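This briefing looks at a metal site and at the sheet that contributes to it. Please keep the sequence and the structure in view while reading the points below.

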Amino acid sequence: MTVLATRPDEAMSVAGRLDELRPLLPGAGVDALWVSERANVRYLTGFSGSAGSLLVTSAGALLVTDGRYRTQAAEELDRSGASDVEVSVGGGAEQRQALERAVGASELSRLGLEAESVSWAAMRRMEATLDGVELVATSGLVEGLRQVKDDQELERMAYAAALADAALAEVRPLVRQGSSEREVSFALDTAMRRLGAEDRAFETIVASGPNAAKPHARPTDRLFQAGDAVIVDFGALFDGYRSDMTRTFFVGEVPSGVMGRVLEVVSRAQAAGVGAVRAGVAAGEVDRVCRESITEAGFGEMFEHGTGHGVGLDVHEAPAVGRSSTAILGAGAVITVEPGVYLAGVGGVRVEDTVVVTDGGCRPLTCFPKDPVA
Ligand code: ZN
Ligand code: ZN
């Protein structure tokens, strides 16, 4: 299968991102920020290791990590244009000393922690280490910057989505009577890897028949039967960025009863939701449009999750696209639109696209056809 997108081969530059973050610090009531959320560290520095935190002060930045990442950290920071970030490598005690020195040198008095990702234990260690510094809970500072993607990020996400499209084109014939959920999910995962994905973006969902009524079902050994709805929800990971797409297929033919009706209702709601996406619109409005369409058709109570979410370095990131989402969509934000209707014990339908918000509307990244029957 061919991947219908250009593979981004140039290293991602993170230059300028720290300077976008710094002006936000006073508004959060802090002099500096201790960035511990992995995706945020990667976003700001290009460092992709599994352990490492970043101190961002008004004038500088210090990445602390352990000995496993000595070479990798130096290489990745260099490649991503973050060579102004200082690196300190060592065990826990050495990392704390490095932090203490950096905090002392910059004479800061209020240090922000990322409240969503710092454990209680880590916070207590910081308190013990940084005598006289006030620790302040912050939320969503880097996540806010990550919402709007630059061209390099969009290229990676488009490529991840194209990898997933090509993998599904290859595996689609397997969605037939007698195949199992596990067989299809394994085939998709391997196809994505073979085509060049680093990994799958998240645990692939293949849910058939009554299992399709569980929005986040794990693949089982269940064999597809004629008339089953099969929900396939999956994505690829490429250079740190993820895609997310759901298609619902029917085995043999679309049944004429309630499931056929559900397919129509969800497909229409999904198209309406995508049609409501535009820069300047509140994320909650996209949810309202999808939900209203489903509710008018009488299935509102069977659509129990939010309409979508942001995607990027994480598969679920800001902005949430739900009933109470007040975030205003910016041009360049990447979100999913994924309404679903689930009939317990019978089946379910979900259709999901990942789209880039533009001034005039949106551009889908996930392009696999929505035909329910091959
Ligand atoms: Zn999904
Ligand atoms: Zn999703």
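In this predicted model, Asp244 bridges the zinc ion (ligand 1) and the zinc ion (ligand 2), and the two ions lie 3.1 Å apart. The notes that follow take the surroundings of ligand 1 and then the neighbouring secondary structure.

**The zinc ion (ligand 1)**
- Its protein donors are two OD atoms of Asp233, an OD atom of Asp244 and an OE atom of Glu352, at 2.0 to 2.7 Å from the ion.
- Because the four donor atoms subtend angles of 53 to 151° around the zinc ion (ligand 1), the arrangement is irregular.
- Along the sequence, the donor residues follow the spacing D-x10-D-x107-E, and the site links distant parts of the chain, with Asp233 in strand E9 (residues 229–234) and Glu352, 119 residues apart from it, in the loop between strand E17 (347–350) and strand E18 (353–357).
- Both Asp233 and Glu352 are buried.

**The sheet containing E9**
- Three strands form an open sheet in the order E8-E9-E12, with antiparallel pairing.
- Strand E8 (205–208) and strand E12 (245–250) each have a single partner strand, so one side of each is left without a neighbour in the sheet.
- Neighbouring strands are turned by 15° against each other on average, direction ignored.
- E8 and E9 run antiparallel and are joined by four bridges, and Ile205 stands opposite the zinc donor Asp233 in E9.

**Helices against the sheet**
- Helix H7 (residues 151–171) packs on the sheet, where it touches E9 and E12, and its direction makes about 15° with that of E12.
- Helix H8 (residues 181–195) lies across E8 and E9 and runs at about 155° to E8.

Key. Residues numbered from 1 in each chain as written. Chains lettered and ligands numbered in written order. Predicted model: local features only at pLDDT ≥ 70, side-chain atom pairs only at ≥ 80, totals over all residues. Heavy atoms only, no water. Donors = N, O, S within 2.8 Å, 3.2 Å for Na, K, Ca; no water. Tetrahedral: all angles 85-135°; square planar, octahedral: opposite > 155°, others 65-115°. Helix = DSSP H or I, 4+ residues; strand = E, 2+ residues; numbered from the N terminus. Buried < 20%, exposed > 50% of the residue type's maximum accessible area, 1.4 Å probe, protein only. Pairing = 2+ DSSP bridges. Axes fitted to C-alpha atoms, helices over the stretch in contact; angles between N-to-C directions. Contact = heavy atoms within 4.5 Å.
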